Amino acid sequence: PLALATPGYYTVGLTVNDGTDTAQVVRTNLLYVVPPVLHVAAGHAGAGFPYATPATAAATIQAAIDAARDGSRILVGPGDYLLSQSLEVSKGIEIRSTDGPAATRVSRLNGVGTIRLMFLAHAQACIAGINFDNGYQNVINIWANGGVVSNCIIQRGTYTVGNGVGVRARSGLITHCLVQANACSGNGAGVGLYLDGDARAQNCLIRDNRSTAADTKGGVYLA
C-alpha cells in the first residue's frame, strides 16, 4: 500500500511497458495529504502550505480554512486578523484560538464597508475562543446546516434595518459567548441575537445591544 506521511500535494505518475512500447501518464497534485492540525499566525511571513507546523503557519485564517478538510483542526495564534472579505466555513472543521478571545481578534479591514465577519455552514464545524469585532449586517451568520460557536466575543456589529446584528442563526449552537454592543439604526429584531429554526443559545451573556428605532424587539429574538 502507498504510505505518504508528509502533508501536502503529491504528483503521481504511471508508466506502462508491454515489452515493446512505453506509455506514461503524469497527474500533477493528484493526491493531497491533509495535516490533522493546521496553524495560523497573524501576518506570518514564513507561511508554507499546508501550514502543518507553527514555523510554516498560514498568515490568514481563510488560507488555513481552504487547506483544511473535514476533521481538521485549525489553531489560531494571538493577534489581529483584518478581513477584506468574510470568512466562510462549510467544512466539518474546528477553528480554535490558542490564547483565547482576549488575545485573538477578527475584524474588518479599515475602509472595508459591508461584510459579515463569518459565515458558518456545517453541522460539524466549531469556532472557539475568538473575538469577532465590528462586522456589518451580522457579525456571524449561521446557515441552516448549523455549527457551534463557543467561548467567543461577538461585538460592535452595525447595520441599518435587519435582524441579528450580532448573530443571525437558523440552526446550530451559540454557547458561553459574550454578545455585546451591537447596534441597529432602524427597525429590527434581536439586535444581539436572532434565533430561527432549531438554533439554540446557552450560557451566554447578552448585553448593551441597541437600536435607535422605537420598534425594535430587544437584544434577543426567538423566531
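**Entry 1: Asp99.** I began with Asp99, which sits in the loop joining strand E7 (94-97) to strand E8 (104-108); helices (H or I, at least four residues) and strands (E, at least two) are DSSP runs numbered from the N terminus. This is a predicted model, where local features need pLDDT of at least 70, side-chain atom pairs count only at pLDDT 80 or more, and totals for chains, interfaces and linings use all residues. Residues are numbered from 1 along each chain as its sequence is written, and side-chain values use heavy atoms, without hydrogens and water.

I found Asp99 partly exposed, at a relative accessible area of 46% (buried is under 20%, exposed over 50%, partly exposed in between, with a 1.4 Å probe and protein chains only). I then looked at Gly79, 20 residues away along the chain: its C-alpha atom is 9.5 Å from that of Asp99.

**Entry 2: the core.** Next I looked up the largest nonpolar core (buried Ala, Val, Leu, Ile, Met, Phe, Trp, Tyr and Cys residues joined through side-chain atoms within 4.5 Å). Of its 41 residues, Ile74, Ile95 and Phe132 touch the most other members. H1 supplies the largest share of this core, 4 residues.

I followed Ile74 further. Leaving aside residues up to four places away in sequence, its contacts (heavy atoms within 4.5 Å) include Leu38, Val40, Ala64, Ile93 and Ile95. Glu94 and Arg96 are also among the residues Ile74 touches.

A note to self: in soluble globular proteins, nonpolar side chains tend to be buried together.
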